[in-house]
Structure formats: structure tokens, C-alpha cells
Amino acid sequence: MRLSKKALAVLITAAMITSAMSACSSSSSSTDASSTASSSSASSSSSAEGATADGDRIIAAAKDGKVGNWGLGNEYEIFALLTKYGQENKFISQAFDMDGFDDGSITLASAMTYNELGLVKNSYEGGYGYGDKVGIIDMNDEGVAMLEDNLFCTKESAQKNPNTVKAFIAASMKGWKYACENPEEAAKIVYEAGSSVSSDHQAYMASEVKKLCETDTKGNKVSDYGKMDEAAMQQTLDLAKKYIKLDDSAAADKLKNLTLDDIRNTSYWEDAMKESFDKPEKTDVSIQLKWLPQAQFMGYFVANAKGYYKDVGLNVNIVSGGGDIGETTAVNNGTVDFGVTWVSNLISANAGGMNLLEISQVYQRSGLVLVYKK
Amino acid sequence: MKLVRKITNSKLFFTFIWIAALIIVWEIFAYQVEQTKRTPENVLPHLSGVVDSITSDKKINGSQTAFQMVMENAGATLSRAAIGYVIGIALGFILALIMSLSGIVEKVVFPYLMLIQIIPILGMAPIINAITKDIAVSRIVIAAILTFYPVAANTLAGFKAVRRESHELMYSYSASKFQLYTKMMIPSCIPYFFTGLKISAPMAITASILVDTLQGGLGLGCLLSQSLKGAMTRYVFWDIVFFSAIIGILSFYFIGIIEKLLCPYKKLEQKGR
Amino acid sequence: MSAKMNSKRRSAVQSVLLPVAFGGVLITAWQTGLLHKLLNTDEYVLPYPTRILTIISENTDKIMENVWASLEVALLGLLFGSVIGYLIAVFAASFRKLGSGGLTIVSSFNAIPIVALAPVIINWTKDVSPQADVRSMVAKIVIVTIVCMASMSVNAYRGLTELPAFSQDLMKTYGAGKLTEFRKLRLPNSIPYIFTALRVSVPVSIISALVSEYFAEYVIGVGRQIRENILIAQYSTAWAYILVACVIGIAMYAILIAAEAIVLKKRR
């Protein structure tokens, strides 16, 4: 079976190449082939429409091999969900647009509520305009939520520069508070700071991020920005231990024995909230984002634009993320001082031998959903 | 009549024919894609759309149009590529010279030269970044590493291609090693050296773009991956694809022109044919 | 005669022994931490060889699965790319004016960065098969093919056209036709150039196979593993795959060199 699939792949490639070689004359025939292929995939996706319950939907998509995720450390909640419904932990690699979802090659696609979901639903530039024609499966409702965007630094720098860390947290959280109270203005600030996400989408993003900052995994309201909820952190760690698979046996052993105290320290945040800190030891600091500059990180942009960092004596440089030198690596090797990452990524980094410390938890619930066409 | 024949005989004319054919094929497919896909610009946009995105004065972030943005980032990437390229050439040529002078060095070093090309760039990047502590410097270093192999390999091939008889002739003149190299070996390896340069000029640019994607900041690669990740219109991605292809080709020709200027014999040879 | 044989044998032994010895020195420096001091890095970003080897030995099955996936893509892409590249060169050499223009276009493909090429090709091949693993493999092979095509066509074209002085006139005096001229003169003349092209495109085929895996839909391959592990900060595991990638590269290059030695020796 496997062999025949490979033979098929080779055959298709060879056929494509020969047809490309004979240039224009074959162009009409190959377009015919592509149009029939796309129509057949459309018909197969409609067969799943009968199922209604989320469970059936997940099982059906998993059996078809049409559950999508970006991978690269974003997949653990999906694994937990698949396991919950007794399915094999497998997904297909989703590109960073929603084309795969749109053309039916992925029927259950991963989406962040504040980003991809907005693109699928809305019809502004870059959007797909599905509106209410799509449904979502929420990781929080399914009980497999893992916490995402946090704030972290190295244990070493936290020990060496406690006041810098506390001052940074205090000013950042002030920024987050202002951003969540004025999401539209925050979106504008981010846009003006050089983000190329369209202003419509940015505004949508800000309003969704606000929800993630102010609601916990159970749906309760949270009023302390950046609070590290014990239960949610523990659930994240437990799921991480179960679903992060490390080939390196030493790292895997370390992961098994990690406790919350190995990955976070609440005292910096507590002191920051009480504003009990002295003059920062280090005034020029930088923070690397987990992704491209966008309203996902509005708190930091607002704190910078509103001068909150200056007020506590800091000069902050915001470094864009999204490249292959991840935020964990950049913080660990000292290129930047602070970073924003997902808790699961911090856990695997520490298991691998880094010495990182979470100092604040900005998002109080999971922003990951699986989106499907109704 | 004569003019027409002159035009139809020129190489440029045929290149244009190919480009025209390519554009026609592209547009046929773009039309097809437009009929079947909901977001055709993600798969294959009409070329007119790409041109529009370049000429449009719509701002895509707080302050810049697509064209301004591509140009600003291109400046950063190309200057890094140029610096890396020059370092790579120098290293490549010197290494080839040393390898040709000493068989032992060649035997020791050459397999490892090849090895450096094999190590995936991603594996090297965090290490180089850790050593240089500066992403801009590591980008230049990686661009240099990636470009010097074709120069070294081709130049070495040039040294080796010198015929035994010529060697023996120089020997009979009792030429010193220094004379041997300055009078014969180096001049005769120049065509090979330029082949290496021509191969690695576009490579320096593509490497520089690849390395850009490692971390944010200014650079075509950063912009490209941002566009690919949906942070801005997909046309920016296409602008960069075309821009980098054009710059890559121009760099190839640029080196070709330099070669012709430096090595007039080549021109004669071609005319003679 | 025997002295010459001896020196030849000695040089052959040297060309194996010397790099190995150098490698030995390097590995010793690495294992003892000297390399870390020189490069000013820690054993976290650059783990000790023993740790890397342990990881490889503990995950042989998984690693081999990924190796085959990458190797297939690299080899098939190299094969298709080289054959097509050579055919383009033949075409260009037989229809000089039309061809050399086409050659320009083909070599311009090399100027498109692979990070841009890969997503484009993957999008274009979306419809070739409903199965993600099949269409991913097609996409990856096409990417490697395109990348390998350019260097082969440019080099082979030189081999087919830059002939020894007067050889063409000689062929004419023999009254040889175009086909005979191609078979007896141009084809043999191009063989060293083919190897020059391969020396460039063999490493390139592997690199482009690895990079194409980053973007492919179906999650498999050595390159993909390197990237995933670096992003989740598992440097030791990433290094295990980097080492494996190096071994693939060395093996393919060694085979190429051996083939070159045999083929070119026969010609002499």
C-alpha cells in the first residue's frame, strides 16, 4: 500500500514534468485534470455534513485525515482532543492561510479566535467571508485547554535584575489593562507601530484578545491582568507531560518530573501589582514576540506608546517574532531580555535544558479552536 | 529589412519570445485558477494584479505602500547579501588557492567544505547567532558560508584543468611556484572562477532571503514570511518573488559583464565562432 | 612502475585517512568542550557528540523513516532535474538562438529563493491527489527538480558547446552529420561538465529537499524534524537529525565522486 502510494507520487511528478515539457499544447489537458480533481474533493467534503455532534465531527475528520494544525509546538491541544475521542494523534500540516480549509482539503482546521477565525468569518481584505456558515469546537469547552501567551525571562536574569523584571511586568500589565479597556484605540496603536495587518482585522483581533485576557478557561471573569491561575497552569502542565513527545530520553525524563515551580514564579507579578519595586538595574530591555507584530500583543505596544515603560524607567525595544529563532532560544541565549510564548513551549524548552521562568500569564484561556463548515 | 533581420537574430529577441510565452502560459493558468479558487491570488494571481500592487499608492501599514515597503526591506537584504558575497568570494578563492598549492589541505578540507553545504542552515543559525550575539552579523556570516562553496569548487576545478603539458612547459622554463601561479594557473582558472561567481551571485541573494526568515526585523525574507502568514496582502509575497527573481538574474548578468570587461579573450573566442 | 603504484595507493589512503583524522581531532575537541570554548557557546546549543549519538541509537526506527522520506525526494528530484536540465541543454545547443534565450529563463529559476518557491509549488500541486502524503511528495520532488535543473542545464550547455579547438572542423572533414557530431564529440565532451553540475546539485538537492519539507502539508522528513525540534527548543534532538542529514550528504557525495572517478578514468 505504502509502496504504491509512493509509486503514484513519482508517476504524477513524472507526468506533470513531461506535460510541462511539452509546454503549451498540453496546458489545456492538465487544467482539465485539475478542475476534475477539485470537484471530486468538493463532493467528498459534503459527505461529512450529516454529522452534527462535535464528537462525531472530530471522529469523522480524524478518520479522513483532515484535521489541520500548524504543528511546530502548536499541536498539543489537538492531540489531547483527538485522544479524548479515541483517535490517532495525527494532523496534516496547515499553512498560515485558511486556503486548505476553504478548498476542503482540511475539514477541521485550527484557528486562533483572534486571528484565523476572524479571517474565515469576516469579509474584509484577506477574509473568506463565511460569516455564520462555520461552527467552532472550543478547547476550553472540551476541557483540553492549555494556556498560551505569557511573559517570561531566564531564571538567571530574574535573579540578577528583579526590579527590572517587576517594573517591566507592572508597566506591561498597565498597558494590557488600557488596551483591554480601549481595544479600538489599542488596535490603532499597534497598526501605527508598523504592523501590516489591515486595520479592520486588527480591530477584530483586539476585541477577541480582550476576551482571552478577561475570561478564564471555565468562562469566569478575571480582573487581574497577567495573573497565573494555579489550576489552569496545572492542567497545562499535565497535558504537556502527556502530549509533548520528546525523542531525547534525557529531556523526556526531565519533562516527566517538572513541577509548576520549575516553570513559573508568581512573586514578581505579585510585587509588580503592589508596585513594590525599586529603580530597575537594567534600563534598556527588549522583548521578543511569539509572532508578527499585531494586536495579539497590544498590551506591550500600548505600554510603549503611552509611555508606561518610560514612567518606570525602562527603554523597551519590541522585537518581532515568527522566525525560526524562536522566542525561547532568543531569550535563553541573551539576545533579548523578555519573551512571549505559549506555556507548553516554555515547558518543552525547560525540559530540553533551558532555564526559563514564566513571570506573568497574559491569556487566561485557550484561544485555539477547530473551525468547520456547517 | 536589414534591421528586422538583425533584431530577429539577436539573443535578446529570443529571450523575449520565451518571456512572452511564459506570460501567456501564466495568464492561461491564472484565468483557470480564477474560475476555480476563491482566493486566486494565493495560488496564481494575474500578472496585472501584481503590477497593480506595485504601482498602487494604498498604504499597507501605518506609513508605507507595498512598493516602498518592498524596497526598504530589499535594501537591507541586498546589502547583507553583497557583504556576505564578497566575503564568500574572498574565502572561496583563497581556499581554492591553498587547496591547489597543497594536496594535503585539499584532502583534509574539501570533504568538510561540502559538509558545510549539507548542514541545514537552520541548524547553524542558532549557533552562529549565539556566537555573534547579533542577528544582522549572523545573517551576513551565513550568506558568506552558503556562497563560497561554488566559488571554491569551481576555482579548484579551474586549477586542476590546467593541462599537464602547460605545467611541464612552465617547469622547463624553470618558473618558480609564484610565477607558475601568477603567469599561468590563476589566469587560466579565471573562467572557472567566474562560473562560480555566476552561480553564487543569485545564491547569495536567495541565501540572504532565507536567513531573513530566522528572526523578525528588516529584510525581504521577513516580509515574505509575514505576507505568507497572512499579516498583509498576499501580493507583497508575489512582489518579492518577482523582485528576487529579477534581481537574481540581473546579478548573474552583472557578473557576466564584469567577466567580459576583465577577460577580453572570452569575447574574442565567442566572436570567432 | 611499482613506485608509481605505491605513491598512487598512498595518495588514495591519504585522501581517506586525512579527513578522517581531521574529523577525529574535531570530535575530540567537541566532546572535551574545547570547541564550545572556541565558539563561545554552551553544551545546550551544541550538545556533546555522545548525547547526540545516544538519541540516534534510541530512535533508529523513527529516524530511518524520516531519512527514507527525505532521500526519496532528494534522489528523485535530482534525477528528474538532471535529466530535464540536460535535455534543455541539448535543445539549447541544437537551436542556439532560440535555446540560449530559453536557457536564460531556466537559469533564472535558480534566482527564485527556495523559501518563496516552496509555498508556490505546494499551492500549485494541491489538486494532483486527494491524499496529503502523495501530493506533498509530488510537491517536494517538483521543488527539488526545479532547483537541480538550472545548474545542470547551464553546465551541460557549456559542455556541449565549448568544444576543443578545431574539433568541429575535424568532424566536418570526416563528413559527420549533426547526430554523429553530437554522439562522438559533444556528448563525450559534456561528461566532465555533468559532474561539475552534479557536484553542485547533489548538496543542493538535499538542502532543497529538507527546506521543502518545512512547508509541505504532510509532516515527515529529516528537515521537518530539525525545524520542529529547534522550534520546541530540543537542540539535542535537532542535532541528531542534523548529523543524519550530514551522513546522507556525505554518502551521496561519496557515491558521486566514486562514479566520477570510474567514468572519467574509462575515458582516458
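What percentage of the 273 residues in chain B do buried residues make up? In this predicted model, the buried residues of chain B come to 47% of its 273 residues. The report below starts from that chain, sets chain C beside it, turns to the contacts between chains, and ends with chain A.

## Chains B and C

Chain B contains 13 helices and zero strands, so a reader who follows its sequence from one end to the other meets the pattern α-α-α-α-α-α-α-α-α-α-α-α-α, where helices and strands are taken as DSSP runs numbered from the N terminus. Of the contacts in chain B with a separation of 6 or more, 69% are accounted for by residues 24 or more positions apart.

Chain C has eleven helices and zero strands, and from the N terminus on its elements run α-α-α-α-α-α-α-α-α-α-α. The C-alpha trace of chain C spans about 70 × 65 × 30 Å along its principal axes. The table places some values for the two chains next to each other.

| Chain | Helices and strands | Buried residues | Contacts at a separation of 6 or more that join residues at least 24 apart |
|---|---|---|---|
| Chain B | 13 helices, zero strands | 47% of 273 residues | 69% of contacts |
| Chain C | eleven helices, zero strands | 50% of 268 residues | 74% of contacts |

## A pair of helices in chain B

Within chain B, helix α11(B) packs with helix α12 (residues 234-262) at an angle of about 140 degrees, and the axes of these helices are 7 Å apart. The crossing in which α11(B) passes α12(B) is left-handed. On the side of α11(B), the residues that take part are B:L220, B:L223, B:L224, B:S227 and B:L228, and they meet B:R234, B:V236, B:F237, B:I240 and B:S244 in α12(B). Sorted by class, this contact of α11(B) with α12(B) holds seven nonpolar, two polar and one charged residues.

## Where the chains touch

Chain B also touches chain A, with 30 residues of chain B in contact with 31 residues of chain A. On the chain B side, the elements that give two or more residues are α2 (11-36), α7 (121-132) and α11 (220-228) of chain B, and α7(B) gives the most, with five residues. By class, the residues on this side of chain B divide into twelve nonpolar, 15 polar and three charged.

Chain C, in turn, places 49 residues in contact with 45 residues of chain B. The elements of chain C that each supply at least two residues to this side are α1 (2-31), α5 (96-109), α6 (114-124), α9 (178-215), α10 (222-231) and α11 (235-267), and α5(C) gives the most, with nine residues. The residues on the side of chain C that touches chain B divide into 30 nonpolar, 16 polar and three charged.

## Strands and helices in chain A

Chain A includes an open sheet of five strands, in the order β2-β1-β3-β10-β4 and with mixed pairing. The edge strands of this sheet are β2 (92-93) and β4 (134-138), each of which pairs on one side only. Inside that order, strand β3 (residues 108-112) is joined to strand β10 (residues 368-373) by four bridges, and these strands run antiparallel; one of the residues involved is A:M112, whose bridge partner in β10(A) is A:L368.

Another pairing in chain A links β5(A) with strand β9 (residues 356-361), in the antiparallel sense and over five bridges. Here A:F152 stands opposite A:E358 in β9(A). Why can strand β5 (residues 150-154) of chain A be described as largely enclosed by the rest of the structure? Five of the five residues of strand β5 are buried, and the description follows because of this.

Chain A also has a helix pair, in which helix α4 (residues 76-84) and helix α11 (residues 230-243) pack at an angle of about 80 degrees, with their axes 10 Å apart. That angle makes α4(A) roughly perpendicular to α11(A), because angles of 65 to 115 degrees count as roughly perpendicular. The residues that meet are A:Y76, A:F79 and A:A80 in α4(A) and A:L239, A:A240 and A:Y243 in α11(A). By class, the contact of α4(A) with α11(A) has six nonpolar, no polar and no charged residues.

Technical notes:
Residues are numbered from 1 along each chain as its sequence is written. Chains are lettered from A and ligands numbered from 1 in the order in which they are written. This is a predicted model: local features need pLDDT of at least 70, side-chain atom pairs count only at pLDDT 80 or more; totals for chains, interfaces and linings use all residues. Two strands pair if DSSP finds at least two bridges between them. A residue is buried if 20 or more other C-beta atoms lie within 10 Å of its own, exposed if 12 or fewer, and partly exposed in between; C-beta atoms are placed from the backbone. Two residues are in contact if their C-beta atoms, placed from the backbone, lie within 7 Å. Ala, Val, Leu, Ile, Met, Phe, Trp, Tyr, Cys and Pro count as nonpolar, Asp, Glu, Lys and Arg as charged, and the others, Gly among them, as polar. Axes are lines fitted to C-alpha atoms, for helices over the stretch in contact, and angles run from 0 to 180 degrees between N-to-C directions. A crossing is left-handed if the near helix is turned anticlockwise from the far one by less than a right angle, and right-handed if clockwise. Angles under 35 degrees count as roughly parallel, over 145 as roughly antiparallel, 65 to 115 as roughly perpendicular and the rest as oblique.
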